Amino acid sequence: MKKRNTKKYLKRIIITLLLSYFVYSTFINLGYRNHIKQSQERNYQHLQAISAIGDNLAHSLEEFTRIPIEQEDERNAELFDTWRVVSSESRSIYSYLSRMSTLHMEDEIDDWNLLQYSLFRVDMFIDGMTIKFLENRSYRISDEEKEKMDAVISVYRNVSKEAEKEPVDIERLLESIQEPMLIIDNYYSDALEKTDRN
């Protein structure tokens, strides 16, 4: 009699444990899926913010490059204010880029990593120009730097244009910025090779 009761008791414990494990696993799995979805949605939200800020940056950079350098002395304050906006917008973009987590982008992880790398490189160029202007106390730029600034404008115009489409196609976005990125970043072709895009 005692053996029969012990067996029943053990069966109940095993069934209870199995049910508990099943419920717990389901709960954890749903929670993880929700976490992944939220992470993906946040990345798209960050991209939308970057798109809007980048469009403003491109507009300010266009204004900056239109000011004749021969008039630097008379228009120094205008050059200073315009570049300050460019630099500030670039810092804001950097902040959103730093908050992006590409880990949960599943099949698109390589594309998101390349996008993040690309925009970090643009920020590095703008940061480098800021340092140069401060060191030289002049806003004079070389033809090569002017070409890179035009490429930055192109990058953010294309990001803005592609980010407006629904759904956002990251692969198409990357194709649209590839040429200007090759101008901005001397090592971009290496990054393309690593992602089999060359």
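Colleague: Is aspartate 127 buried, partly exposed or exposed, and at what relative accessibility?

Modeller: Aspartate 127 counts as partly exposed, the class between buried (under 20% relative accessible area) and exposed (over 50%), using a 1.4 Å probe and protein chains only. Keep in mind that this is a predicted model, in which local features need pLDDT of at least 70 and side-chain atom pairs count only at pLDDT 80 or more, while totals for chains, interfaces and linings use all residues. Residues are numbered from 1 along each chain as its sequence is written, and side-chain values use heavy atoms, with hydrogens and water left out. The relative accessibility of aspartate 127 is 35%.

Colleague: How far apart in space are aspartate 127 and serine 90?

Modeller: Aspartate 127 sits in helix H3, a helix being a DSSP run of H or I with at least four residues, numbered from the N terminus. In sequence, aspartate 127 and serine 90 are 37 residues apart. From C-alpha to C-alpha, the two are separated in space by 8.2 Å.

Colleague: That makes me curious about H2 and H3. At roughly what angle do their axes cross?

Modeller: Axes here are lines fitted to C-alpha atoms, for helices over the stretch in contact, and angles run from 0 to 180 degrees between N-to-C directions. Contact means heavy atoms within 4.5 Å, and residues of H2 that meet H3 include Trp83, Tyr94 and Leu97. The contact of H2 with H3 holds nine nonpolar (Ala, Val, Leu, Ile, Met, Phe, Trp, Tyr, Cys, Pro), five polar (those in neither other group, Gly among them) and three charged (Asp, Glu, Lys, Arg) residues. The axes of H2 and H3 come within 10 Å and cross at roughly 145°.

Colleague: Which residues does serine 87 touch, leaving out those up to four places away in sequence?

Modeller: Serine 87 belongs to helix H2, residues 76–99. With a relative accessible area of 18%, serine 87 is buried. Leaving out residues up to four places away in sequence, serine 87 touches Ile126 and Thr130.

Colleague: How do H3 and H4 lie, and what is the handedness of their crossing?

Modeller: The axes of H3 (residues 109–136) and H4 (residues 143–163) come within 11 Å and cross at roughly 140°. That makes H3 oblique to H4, since under 35 degrees is roughly parallel, over 145 roughly antiparallel, 65 to 115 roughly perpendicular and the rest oblique. Among the residues in contact are Phe125 and Phe133 in H3 and Met149 and Tyr156 in H4; the contact divides into 11 nonpolar, no polar and three charged residues. With the near helix turned anticlockwise from the far one by less than a right angle, the crossing of H3 and H4 is left-handed.

Colleague: And what is the arrangement of H4 and H5?

Modeller: The axes of H4 and H5 (residues 170–184) come within 8 Å and cross at roughly 170°. Residues in the contact include Val152 and Val159 of H4 and Ile177 and Pro180 of H5. By class, the contact has 10 nonpolar, three polar and four charged residues. H4 and H5 are therefore roughly antiparallel.

Colleague: What is phi of arginine 137?

Modeller: Arginine 137 lies in the loop between H3 and H4. At 77% relative accessibility, arginine 137 counts as exposed. Its phi is positive, in a residue other than glycine, and is near 55°.

Colleague: Which residue is joined to glutamate 166 by a cis peptide bond?

Modeller: Omega of that bond is about -10°. The partner is found in the loop between H4 and H5. Glutamate 166 is joined in cis to proline 167.

Colleague: How far is glutamine 38 from histidine 104 in space?

Modeller: Glutamine 38 is in helix H1, residues 2–66, and is partly exposed at 39% relative accessible area. Histidine 104 is 66 residues away from glutamine 38 in sequence. C-alpha to C-alpha, glutamine 38 and histidine 104 are apart by 9.6 Å.

Colleague: Last one, on the whole chain: how many helices are there?

Modeller: Of the 198 residues, 37% count as buried. Among contacts with a separation of 6 or more, 72% come from residues 24 or more positions apart. The chain has zero strands and follows the pattern α-α-α-α-α-α. The number of helices is six.

Terms used: Helix = DSSP H or I, 4+ residues; strand = E, 2+ residues; numbered from the N terminus.
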